[in-house]
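Me: I'm new to reading protein structures, and the vocabulary trips me up. Could we go through this one, asking where each word comes from?

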Amino acid sequence: MSIETSILLILLVISIVYYLLQPRKINYFYGYRTRKSMKNIENWKIANELAARGLMVIMLINLLLSVLLTHFLRLTSLKVLAVVLVIEFVGLFYWVEKKLK
């Protein structure tokens, strides 16, 4: 198993835990924390639900692509993984914030 696949597997497990154990109350430690999400409890619940689902989907897709690229095409790159994850996290942030409007 490549280091990229291992990292993505760990991130997938974390996203599943986040989905199953979403924070119930607004806090400054755990959850999707932005000004909009922390405005009220309704926004908090919506934002955390969307972020948890989106994170799981992103990690599952990345894990599948990583396995395909690593095992079939022999392509690996931590730099590419890092850039892709940053772009996806920014996209997830944008999508959740847009849904909160």
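Reply: Sure, and let's start with burial: a residue is buried under 20% relative accessible area, exposed over 50%, and partly exposed in between, using a 1.4 Å probe and protein chains only. One caution: this is a predicted model, where local features need pLDDT of at least 70, side-chain atom pairs count only at pLDDT 80 or more, and totals for chains, interfaces and linings use all residues. Residues are numbered from 1 along each chain as its sequence is written, and side-chain values use heavy atoms, with hydrogens and water left out.

Me: Okay, so why is Asn62 called buried?

Reply: Its relative accessibility is 8%, and the cut-off for buried is under 20%, so Asn62 counts as buried. Asn62 sits in helix α2. Setting aside residues up to four places away in sequence, Asn62 touches Leu8, Val84, Leu85 and Glu88. Touching, or contact, means heavy atoms within 4.5 Å.

Me: What makes a stretch of chain a helix?

Reply: Helices are DSSP runs of H or I with at least four residues, strands are runs of E with at least two, and both are numbered from the N terminus. By that count the protein chain has three helices and zero strands, in the order α-α-α.

Me: How do you know that the length of α1 agrees with what a helix should span?

Reply: The expected span is 1.5 Å times one less than the number of residues. Helix α1 has 18 residues (3–20), so it should span 26 Å, and its end C-alpha atoms are 26 Å apart, which agrees. Helix α3 passes too: its 23 residues should span 33 Å, and its ends are 33 Å apart.

Me: Which residues of α1 are buried, and why are they said to line one face?

Reply: The buried ones are Glu4, Thr5, Leu8, Leu12, Ser15 and Tyr18. Looking down the axis of α1, they fall within an arc of 135 degrees, so they line one face of the helix. The arc is that of the directions from the helix axis to the C-beta atoms. It helps to recall that an α-helix has 3.6 residues a turn, so residues three or four places apart point the same way. On the other side of α1, Ile10 and Leu20 are exposed.

Me: What do the buried residues of α1 pack against?

Reply: They pack against α2 (41–72) and α3 (78–100). Take Leu8: at a relative accessible area of 1%, Leu8 is buried. Beyond its neighbours within four places, Leu8 is in contact with Met59, Asn62, Leu63, Ser66, Leu81 and Leu85. Leu8 and Ser66 are 58 residues apart along the chain, yet their C-alpha atoms are separated by 8.2 Å. Leu12 is buried as well, at 13%, and its contacts outside that sequence window are Met56, Met59, Leu60 and Leu63. Leu12 and Met56 are 44 residues apart in sequence and 6.2 Å apart in space, C-alpha to C-alpha.

Me: And which helices do the buried residues of α3 pack against?

Reply: Those pack against α1 and α2. Leu81, Leu85, Leu92, Val96, Glu97 and Leu100 are the buried residues of α3.

Me: What makes Arg53 and Glu49 a salt bridge?

Reply: A salt bridge is a side-chain nitrogen of Lys or Arg within 4 Å of a carboxyl oxygen of Asp or Glu. Here the closest N and O atoms are 2.5 Å apart, so the pair fits the definition. Side chains of opposite charge can pair when their charged atoms come close. Both residues lie in α2, four residues apart, about one turn of the helix. A search of the whole structure finds one salt bridge.

Me: Why is Arg53 called partly exposed?

Reply: Arg53 has 46% relative accessibility, and partly exposed falls in between the buried and exposed cut-offs. Glu49, at 25%, also counts as partly exposed.

Me: How about Leu73: why is it called exposed?

Reply: Its relative accessible area is 54%, and exposed means over 50%, so Leu73 is exposed. Leu73 is in the loop between α2 and α3.

Me: How much of the whole chain is buried?

Reply: Of the 101 residues of the protein chain, 34% count as buried.
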